[in-house]
Amino acid sequence: MSETKELRLPSRIESVDEAASQAETFVKDNGLGDDFVSAIDLAVRESVANAVKHGNKFDPEKEVEVTFLRSPKGVEIVVRDFGTGFDPEALPDPTDPANLLKANGRGILFMRSFMDEVQWSSHDGGGMVVRMRKSGGEG
Amino acid sequence: MSDITISERKAGDVTILDLDGKVTIGEGSVALRTTIRRLLGDGKNKILMNLGGVGYIDSSGIGELVSSFTAVNKEGGTLKLLNLTQKIQDLLAITKLLTVFDVYDDEGTALSSFN
C-alpha cells in the first residue's frame with residue numbers, strides 16, 4: 001500500500017495545528033496505531049514549527065510544504081521551508097548540562113527521539129528539507 | 001478558544017496551578033508564561049504546577065516549563081511539578097530535565113516539601 005498527501009501551509013503558528021491534524025487523519029486512515037499517531041504528531045509539530053519560525057521566519061510570502069507518504073515500510077514525512085538553511089550538527093546539545101535551562105532547542109531532539117530516521121538536506125530550489133521516517137505498520 | 005485552562009488554588013503560602021489542556025507553541029505557552037509572571041508580580045513565589053490534566057505538550061511547552069522554573073528561582077522562589085503524565089515524564093527524561101525539576105505524584109507530599 002502506498003499513499004501520498006501533500007499540504008502547502010502559510011508561515012504562521014496555526015499551521016502547526018493544521019499539519020498535526022492532517023497527519024493524525026493520514027495515519028489513522030492508513031490503519032496505524034496510537035504509537036504511530038503520537039510519534040508522528042510530535043515530529044510533525046516540531047518540524048513544521050521549525051520551518052515556520054526558523055526557516056521561513058514567519059514570512060507571509062513563504063509557505064511550508066509538507067508531504068506524508070505511506071509505504072509498506074512505514075510512514076515518511078517530508079517538510080520543506082524556504083529559508084536560508086542551517087547545519088543541524090552545529091546546533092547545541094540541549095541535554096548538555098550547560099544548556100539544560102535554555103528555553104529553546106529541544107524540537108530536533110524530539111524529532112530524532114520519536115522517528116527512526118531524520119535527515120536534513122538543502123533543496124535545489126532553495127530552503128531546507130527534513131525527511132523523517134518511522135518504520136512498521138506493515139500494510 | 002484557548003487550548004489551555006489554568007486554575008489557581010491556595011494551600012498556605014503555596015499557589016497550586018491546575019493546568020488542563022495543551023501546553024504547545026502559541027496560546028498554551030503564552031498563557032502559562034502570563035500566569036507565572038503575574039504570580040511573581042504579586043509576590044507569590046511558591047508554586048506547585050499540577051500537570052495531570054495536560055494531554056499534550058511540545059518542545060515549546062517544555063521550554064515554557066523551564067522558563068517558569070528559572071523565572072521563579074530568580075525571584076527567590078520555588079516551582080515544583082505534580083502529577084506528570086507518562087508522556088510528559090518521557091519528554092522530561094529525554095531532555096534530562098527530570099534532573100532539574102522537583103517532581104511529585106502526591107499533592108500532600110508536594111505541599112509538605114515547600115516547608
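How many residues line the largest pocket, and which of them lie nearest its centre? I put this to the predicted model first, and I found a lining of 48 residues, with A:Asn50, A:His54, A:Gly105, A:Gly107 and A:Ile108 nearest the centre of the pocket.

I then looked up the volume of the largest pocket, which comes to about 850 Å³. Sorting its lining by residue class, I noted 18 nonpolar, 17 polar and 13 charged residues.

Next I asked which helices and strands each supply at least two residues of this lining. From chain A I listed helix H2 (34-55), helix H3 (107-114) and strand E5 (128-135), and from chain B helix H1 (27-41) and helix H2 (59-74). The largest share belongs to H2(A), which gives nine residues to the lining.

I turned afterwards to the sheet of chain B, which I recorded as open, with five strands in the order E1-E2-E3-E4-E5 and mixed pairing. At its edges I found strand E1 (4-11) and strand E5 (103-104) of chain B, each of which pairs on one side only. For E5(B) I followed the pairing with strand E4 (residues 78-82) of chain B, and it is parallel, over two bridges; at one position B:Leu82 has B:Tyr104 of E5(B) as its bridge partner.

Lastly I checked what packs on this sheet, and noted that H2(B) does so, touching strand E2 (14-23), strand E3 (46-57) and E4 of chain B. The direction of H2(B) makes about 180° with that of E3(B). I also marked H2(B) as an element that I had already met, since helix H2 (59-74) of chain B supplies at least two residues of the pocket lining.

Definitions and conventions:
Residues are numbered from 1 along each chain as its sequence is written. Chains are lettered from A and ligands numbered from 1 in the order in which they are written. This is a predicted model: local features need pLDDT of at least 70, side-chain atom pairs count only at pLDDT 80 or more; totals for chains, interfaces and linings use all residues. Side-chain values use heavy atoms; hydrogens and water are left out. On a 1 Å grid over the protein atoms alone, a cavity is a set of points where a 1.4 Å probe fits but cannot get out, and a pocket is an open set with protein on both sides within 12 Å along at least five of seven lines; lining residues have an atom within 4 Å of a point. Grid points are joined across faces, edges and corners, and a volume is the space filled by probe spheres set on the points. Helices (H or I, at least four residues) and strands (E, at least two) are DSSP runs, numbered from the N terminus. Ala, Val, Leu, Ile, Met, Phe, Trp, Tyr, Cys and Pro count as nonpolar, Asp, Glu, Lys and Arg as charged, and the others, Gly among them, as polar. Two strands pair if DSSP finds at least two bridges between them. Contact means heavy atoms within 4.5 Å. Axes are lines fitted to C-alpha atoms, for helices over the stretch in contact, and angles run from 0 to 180 degrees between N-to-C directions.
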